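Here's a short problem set on a two-chain interface. Grab your viewer, try each task, then check the worked solution.

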Protein chains: 2
Amino acid sequence: MSITVVGSVAYDSIETPSGRRDRCLGGAATYFSLAASFFTDVRVIAVVGQDFGPEQEAVFAEHKIDCRGIERASGKCFCWEGSYLENLNEARTHNTELNVFATFEPKIPAVYRDSQFLFLANIDPVLQRRVREAMPDVKLVAGDTMNYWIDGHRPALLQVLKGLDILLINDGEARMLANDKNLVRAANAVMGMGPRVLVVKHGEYGATLFFGASDGTASKTFRAPAMPLEEVIDPTGAGDSFAGGFFGYLASQPRLTPEAFRRAMFYGSVMGSFAVERFGTERLQLLSRQEIDNRFNAFRELTHLD
Amino acid sequence: MSITVVGSVAYDSIETPSGRRDRCLGGAATYFSLAASFFTDVRVIAVVGQDFGPEQEAVFAEHKIDCRGIERASGKCFCWEGSYLENLNEARTHNTELNVFATFEPKIPAVYRDSQFLFLANIDPVLQRRVREAMPDVKLVAGDTMNYWIDGHRPALLQVLKGLDILLINDGEARMLANDKNLVRAANAVMGMGPRVLVVKHGEYGATLFFGASDGTASKTFRAPAMPLEEVIDPTGAGDSFAGGFFGYLASQPRLTPEAFRRAMFYGSVMGSFAVERFGTERLQLLSRQEIDNRFNAFRELTHLD
């Protein structure tokens, strides 16, 4: 079944210990939709500027990603510039130019309305909520956010959380949102805010899936590892790629069983592990389904007793 | 088969967000031998002072731990005082009194000489090496160390590493020892120093097992999770308890297959997860084998797809 995703399509200028790249094709919606496209149909809602050309369009087209919801505005694409020189786990932002994103008003094409899966990538919670409310009939809604919205836009974010089935965030964000250093307690508190499933990403240590129970305590958890990698070229987009693999796999399944969620966690880790092997979305652009399944099997060997 | 362990038996005064305890029975050899005692026979080499009495002896006796190698010296037991008020992952040391440990000269009872497994807990590498050399016929030698020895006693430590089959250390120690921030590269470098198996502990994120290959690169890895816990009462001794579960299980196995190592990683995580549930060694003292196996199964559910 198809996923509609709303989020950023951007140009990133990135410096890591492995080198520097200017104006890579990036943005949360780009990473997410490339990763998810290996599993299901993806439809994007975003805005780009006049500097988004045929070369960038081709990246989406080659992965059969529906771009009819990408609006062309006058001006330039959203630009981000950052580095990971001292710490590969945390970006240092040098510059952010919102450009056409500053006045972004998501418009949902009529042809997207039958999507059963909706992903609200990390953007202003006011926009996330608007898209959520415009698609009331979706079967499953997942979303992402970041410390900036948790810290400074909490009331709007809490409204979004009420409408989510699944929230994907990282450790620090979960602890910040719940104001609790203990991960399990933080997870329970966050699930009390709306989402019945919470995925907490731990960077190089993998991710934990929490299923909420009706009494508000986590009834079941699952831990997926990350791939131990000799070299992380560029961590940008790892979390969005995880989300794409996770949600893309779920959308491809006939039934959302606990087993499907567990496998989705593995596919999320798999896509995250590929994303960091090259700058920007380069690795996702070149990936094959066979490579994905091979790495899925490697993850199984990495974690299973027999 | 029996394990001989050399290390500290101590009194710890500990403050955590859950409270404070003075003079808990602790020390690396205590945690290790209690944890390992659920799997195999354990023999301890250590030194205690005149303040080590019948109550402490009973803890070892109840777990059938051989204490004939625990020397009684005049003076007081090794004492450590520390807190985890701001960060449960890192102890802040307030006071260390070496006492009888200052002049510790490990003596190996003749009855220990047929031990096939040797564990060198975290003590001065000069002493670790002396014990290693006095027991040349053991089948498998594992050891631990800490940043203090890596930083200030590197030549002596490198001598110890040459005589180890397995090294168990934490993330920060592995990166420090190899002087490389990347975990996989650091692991390969550490295995180049001697141990053919390396266990890197990640605290609340579990642990990774690296098997060295003949060419010096890791041929195979395995990741065991840690248990997501709602409350960590006292993290003291978690690493030593992990080592006890890991090495104790290995010593109980007829053959050291890759499968045995994988299961050993799970048992290590299981014992570490119990250790932190109460202050000091309280939880290990009260534990049953049935509880251990139940938690082993919970770890399997936490990580396995089917």
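The exercises below go from confidence to symmetry to the contact itself.

**Exercise 1.** Find out what confidence scores come with this predicted model.

*Solution.* Start with one chain: chain A has an average pLDDT of 95, and 98% of its residues score at least 70. Then take the complex, for which the predictor gives an ipTM of 0.92 and a pTM of 0.95.

**Exercise 2.** Work out which turn and shift lay chain A on chain B.

*Solution.* Superpose the two copies: a turn of 180° with a shift of 0.0 Å along the axis does it, at an RMSD of 0.0 Å. That's how a two-fold axis relates two copies. Next, compare the contact residues: 100% of those in chain A recur in chain B, so the same surface serves both copies.

**Exercise 3.** Determine how much area chain A and chain B bury between them, and which residues of chain A lose the most.

*Solution.* First count the residues: the contact takes 34 from chain A and 34 from chain B. Now the area: the two chains bury about 3,200 Å² between them, with 47% of it on carbon and sulfur atoms. On the chain A side, Y205(A), R223(A) and L305(A) lose the most area to chain B, together 27% of what that side buries.

**Exercise 4.** Describe the polar side of the interface and say which elements of chain A take part.

*Solution.* Begin with salt bridges, taking N and O atoms within 4 Å: six turn up across the interface. One of them pairs K220(A) with E301(B), whose closest N and O atoms are 2.9 Å apart. For polar contacts, the count is 28 residue pairs, both at pLDDT 80 or more.

Then map the chain A side onto elements. Those giving two or more residues are α6 (171-178), α7 (183-191), β13 (218-224), α9 (258-275) and α11 (289-303). The largest share, five residues, comes from α11(A). Finally, sort that side by class: twelve nonpolar, six polar and 16 charged residues.

Methods:
Residues numbered from 1 in each chain as written. Chains lettered and ligands numbered in written order. Predicted model: local features only at pLDDT ≥ 70, side-chain atom pairs only at ≥ 80, totals over all residues. Heavy atoms only, no water. Least-squares fit on C-alpha atoms with pLDDT ≥ 70 in both. Contact = heavy atoms within 4.5 Å. Buried area = accessible area lost by both parts, 1.4 Å probe. Salt bridge = Lys/Arg side-chain N within 4 Å of Asp/Glu carboxyl O. Polar contact = N/O pair within 3.5 Å; in protein donor to acceptor, adjacent residues only side chain to side chain. Helix = DSSP H or I, 4+ residues; strand = E, 2+ residues; numbered from the N terminus. Nonpolar A, V, L, I, M, F, W, Y, C, P; charged D, E, K, R; others polar. pLDDT = per-residue confidence, 0-100.
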